Amino acid sequence: MANKKLKRTGLSQELCDRLGRHHIHTCQDLFCLSLLELMKVTGQSYQNVQRLLQTVSKSCAPRMQTAYDMRKRQVNDPILAFLPTNLDSLDKVLYGGVACGALTEVTGPSGCGKTQFCILMSLLATLPSCIGGLNGNVVFIDTESTFSAERLVEMATHRFPEYFDTEEKILSMTSRIHLYRELTCEDVLKRIESLEEEIISKKVKLVIVDSVASVVRKEFDTQLQGNLTKRSNLLAREASLLKYLAEEFSIPVILTNQITTRLSRNAPRIDLVSPADDLSLSEDYCGKITFGSIFCVFLHHPKFWSCSSRRELTGHLKREQQT
């Protein structure tokens with residue numbers, strides 16, 4: 001909640017502009033300043049600055065809710081709980097699909113189908129709610145230049161031929177998926193930081209980052225002193241922002257990640273670039289589905305998208321869950 005933009009806290013536009021000139025854009029930026037610093041920046045009295053802090057604190061503080069409220073909302077409107085993957089076996093394992101209001105990390109070796117899964121989910125999010133979609137727009141951050149519009153249209157016409165029966169519907173669907181190719185760590189972070197306003201203005205219902213690892217591995221050599229710490233801080237910052245967006249707007253956020261070979265059980269896992277690791281939400285989830293703020297789905301089978309292999313993937317996930 002500390003990443004919330006000050007524009008959405010009830011402050012006047014004039015005050016937000018004044019704070020912005022001093023690079024104070026979020027609640028966190030504001031709270032990092034002392035009362036004297038705020039008095040100097042805003043030009044207001046001690047009492048007015050205290051009231052300002054109270055207003056911002058109330059706006060960004062987590063809202064209290066009971067388990068009953070959460071359960072009632074999910075029962076009354078299942079769309080608020082999950083975005084179904086349209087793969088029956090996987091939806092069964094995930095208890096309904098990709099969770100809304102949380103991060104979903106899809107990891108696996110290169111070529112196992114992570115990007116294909118993301119393309120499928122972006123298609124499903126644009127569908128009307130009556131056929132299992134979220135009826136919204138999608139932000140797709142592509143760091144590997146692997147997104148294929150042709151594959152997107154192919155999935156749409158083959159999976160939903162009755163719905164996508166005209167060129168107008170295909171055009172409408174493709175125009176709702178906003179693709180950004182960000183090829184550096186700085187560009188990815190800037191894009192994530194700008195997502196809040198875009199989610200509001202474009203009614204975004206799904207955010208995808210494919211992938212979080214590629215640009216990081218290119219720019220950070222972990223053999224150099226200090227790089228591992230810098231990399232961890234960057235990923236933690238990105239994960240914190242994405243987690244805030246998921247919870248604040250109750251939308252699913254999907255990240256893809258690559259996984260490398262572990263030589264032994266005691267070997268360090270520095271090659272598994274993962275926001276989940278850096279946030280320490282799950283200390284030892286490798287090979288399992290972790291239920292919590294971040295869900296991890298591991299796709300190991302190279303032929304995941306063929307009908308014959310779905311059962312094998314589901315069996316693998318169930319075995320991992322039980323261990």
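Buried residues account for 45% of the 323 residues in this protein, and keep in mind that the model is predicted. Its accessible surface adds up to about 16900 Å², with carbon and sulfur atoms holding 51% of that.

On the secondary-structure side, you're looking at 15 helices and eight strands. How do the contacts spread along the sequence? Take the contacts between residues at least 6 apart in sequence: 68% of them link residues at least 24 apart.

Now zoom in on strand β4, residues 137–142. Is this strand buried or exposed? Buried here means under 20% relative accessible area, and six of the six β4 residues meet that, so the strand is largely enclosed by the rest of the structure. Cover comes on both faces: one side carries Asn137, Val139 and Ile141, the other Val138, Phe140 and Asp142, and all of them are buried.

Which strands does β4 pair with? Two partners are β6 and β5, and β4 runs parallel to β6 and also pairs in the parallel sense with β5. Here's how that looks, with Phe140 as the reference residue in β4:

| Partner strand | Residues | Bridges to β4 | Bridge partner of Phe140 |
|---|---|---|---|
| β6 | 204–210 | six, parallel | Ile208 |
| β5 | 177–181 | five, parallel | Leu179 |

So if you click on Phe140, you'll find a buried residue with bridge partners in two strands: Ile208 in β6 and Leu179 in β5.

Conventions:
Residues numbered from 1 in each chain as written. Predicted model: local features only at pLDDT ≥ 70, side-chain atom pairs only at ≥ 80, totals over all residues. Heavy atoms only, no water. Helix = DSSP H or I, 4+ residues; strand = E, 2+ residues; numbered from the N terminus. Buried < 20%, exposed > 50% of the residue type's maximum accessible area, 1.4 Å probe, protein only. Contact = heavy atoms within 4.5 Å. Areas by Shrake-Rupley, 256 points an atom, 1.4 Å probe, with all protein chains shown as cover. Pairing = 2+ DSSP bridges.
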